[in-house]
Amino acid sequence: MSLDEIKSRIAIAEAQAGRAAGSVELIAVSKVQPNARVEGVLAQGHRVFGENRVQEAAGKWPEFRERYQGVDLHLLGPLQTNKARQAMELCDTIHSLDRPKLATVLARLAQELGRCPDLFVQVNTGEEPQKAGVLPREADAFVSECRGLDLPIKGLMCIPPAEEEAALHFALLAKIAERNGLSGLSMGMSSDFEKAISFGATHVRVGSAIFGARTYDE
């Protein structure tokens, strides 16, 4: 599937949901993709990309940014506190704020750096023990805590359990966001982004449908 096809499907989903055209940001998830594939998407004019690991992002994006203006880089994967400074210097948005210790570190670094990326709180909507994210019942308190630290919380992010109906998780995330006055909803991937848009997604994370199957070296 091509980038243009994905963008067309997003536009149709926006219209069907009664959403304004262009209200959904497409994040091209470039993790573990060969640089040639990433550059092919950059050459088509797309500028919004997502990476899961700070180290991988640092290895490819500074060079791409020298050659392509306007790159908007999103960190999607779990963030270790010892990588927080590098992430803040490299990324425009971080989607995986998921615990008080990380919030405190980001707030301190924001003071030092004089800037902070936009932040999304990751909510573990499926309450899966192996997955990062605050539990739904703790989300309100955590958002309040982050705001108390003057962190720029723009929205919420979730990754629904693979074996469950994604719509239930999208609806839950939207409900939590609404009661906290948050407009950003980072949800929906290659297999379910249209459904996510119908529930109010503002950012969809699409990788394999744009780039093709990933090749893992590990």
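This passage describes the cysteines and helix H7 of a predicted model.

A disulfide is a covalent bond between the sulfur atoms of two cysteines. A search across the whole structure returned zero disulfides, and the distances between cysteine sulfurs account for this in the two cases considered here. For Cys 91, the closest cysteine sulfur belongs to Cys 116 and lies 11 Å away, which is too far for a bond, given that a pair of sulfur atoms must be within 2.5 Å to be counted as a disulfide. Cys 146 likewise takes part in no disulfide, the nearest cysteine sulfur, again that of Cys 116, being 10 Å away. With regard to solvent, Cys 91 is buried, at a relative accessible area of 3%, and Cys 146 is also buried, at a relative accessible area of 0%.

Helix H7 comprises 14 residues, from 166 to 179, and because a rise of 1.5 Å a residue predicts a span of 20 Å, the separation of 20 Å between its end C-alpha atoms agrees with the expected value. At the start of the helix, a side-chain oxygen of Glu 165 comes to within 3.0 Å of the backbone nitrogen of Ala 167, whereas just after H7 the backbone at Gly 181 adopts a positive phi of about 65 degrees.

The buried residues of H7 are Ala 166, Ala 167, His 169, Phe 170, Leu 173, Ile 176 and Ala 177. These buried residues pack against two helices, H6 (136–148) and H8 (193–198), and against two strands, S6 (153–157) and S7 (184–186).

How values were computed: Residues are numbered from 1 along each chain as its sequence is written. This is a predicted model: local features need pLDDT of at least 70, side-chain atom pairs count only at pLDDT 80 or more; totals for chains, interfaces and linings use all residues. Side-chain values use heavy atoms; hydrogens and water are left out. Buried means under 20% relative accessible area, exposed over 50%, partly exposed in between (1.4 Å probe, protein chains only). Helices (H or I, at least four residues) and strands (E, at least two) are DSSP runs, numbered from the N terminus. The expected span of a helix is 1.5 Å times one less than its number of residues. Contact means heavy atoms within 4.5 Å. A polar contact is a pair of N or O atoms within 3.5 Å; within protein, one must be able to donate a hydrogen and the other to accept it, and residues adjacent in sequence count only if both atoms are side-chain atoms.
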